[in-house]
Amino acid sequence: MLQIHPIYFIVIFASPLFSVNDEIGEVGIVKGAVTIKPTQKDIIPSNAIAGRMLHNGDIIHSSEDGLIKFNLNGDNGKITMYGFSELQFDITNQFCQVELKYGDIFTDFPTASNCEILTHSSLIRLNGEELWITRNFSNEDKIYAIGGSAQISSNITETEMKIELGEMVISNEDSLGNI
């Protein structure tokens, strides 16, 4: 008869208590072709499905007909990504940064959110409510304040400005444009 040592059971049942949980959000809605490429080596890149957990460092890529909506843990922020787009997460307990590499996103964050959107040209600090951000391959960002406001800094010229409800600004490698 096979005898199992009691320490084996302790290790098996206690290991989830000490494991690192880096889940940062959950996929809500997916339409079209959307893939998630994890930075963790023990998770296989796959198509996005509703209910899948997102992890820190994940890269989300949507095809031309793709759409994905997900909720982030913590400050209950929501992001919807449209069409041909790609973004990556860098989120810790104190800091939330989403890098938009290209494409279109709609953000909906509560007031006093601790999250920002990073692009090659801009750093967008979210001050709550809703933003529409479009980024193209010529490194031009168009930021629309649908609700609330946002503080925008140019990564190249180090200029800063704030946009309010109903305003839009263009940020590119040359400058941070007029509202």
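This report describes the nonpolar core, strand pairing, disulfide and salt bridges of a predicted model.

**Core**

The largest nonpolar core is made up of 34 residues. Those with the most contacts inside this core are Ile60, Phe70, Leu87, Phe89 and Ile124. Leu87 touches two others of that group, Ile60 and Phe70, when residues up to four places away in sequence are not counted. On the same count, the residues touched by Leu87 also include Asp58, Ile59, Ile79, Met81 and Val98. Glu99, Leu100, Lys101 and Ile105 are among its contacts as well.

**Strands**

Strand β5 covers residues 59-62, and Ile60 is therefore part of β5, given that range. Strand β2, residues 34-37, pairs with β5 in the antiparallel sense over 4 bridges. Within this pairing, Lys37 has Ile59 of β5 as its bridge partner. β5 also pairs with strand β7, residues 78-91, again in the antiparallel sense and over 4 bridges. Here Ile59 stands opposite Gln88 in β7. Ile59 thus has a partner in each pairing: Lys37 and Gln88.

**Disulfide**

The structure has 1 disulfide. Cys96 and Cys115 form this link, with their sulfur atoms 2.2 Å apart. The angle about the S-S bond is -40°, and the link is left-handed. Cys96 lies in strand β8 (residues 96-109) and Cys115 in strand β9 (residues 115-118), so the disulfide ties together parts that are 19 residues apart in sequence. Both cysteines are buried: Cys96 has a relative accessible area of 7%, and Cys115 has one of 4%.

**Salt bridges**

The model holds 4 salt bridges. Three of them are listed here, each with the distance between the N and O atoms.

| Acidic residue | Basic residue | N to O distance |
|---|---|---|
| Glu99 | Lys101 | 3.9 Å |
| Asp141 | Arg135 | 2.5 Å |
| Glu164 | Lys162 | 3.6 Å |

The settings of these pairs can be described in turn. Glu99 is partly exposed at 30% relative accessible area, and Lys101 is partly exposed at 29%. Both of these residues also touch Leu87. In the pair of Glu164 and Lys162, Glu164 has a relative accessibility of 36% and counts as partly exposed. Lys162 is likewise partly exposed, with a relative accessible area of 40%. Arg135 and Asp141, by contrast, are both buried.

Methods:
Residues are numbered from 1 along each chain as its sequence is written. This is a predicted model: local features need pLDDT of at least 70, side-chain atom pairs count only at pLDDT 80 or more; totals for chains, interfaces and linings use all residues. Side-chain values use heavy atoms; hydrogens and water are left out. A nonpolar core is a set of buried Ala, Val, Leu, Ile, Met, Phe, Trp, Tyr and Cys residues joined through side-chain atoms within 4.5 Å. Buried means under 20% relative accessible area, exposed over 50%, partly exposed in between (1.4 Å probe, protein chains only). Contact means heavy atoms within 4.5 Å. A salt bridge is a side-chain nitrogen of Lys or Arg within 4 Å of a carboxyl oxygen of Asp or Glu. Two strands pair if DSSP finds at least two bridges between them. Helices (H or I, at least four residues) and strands (E, at least two) are DSSP runs, numbered from the N terminus. A disulfide is a pair of cysteine sulfur atoms within 2.5 Å.
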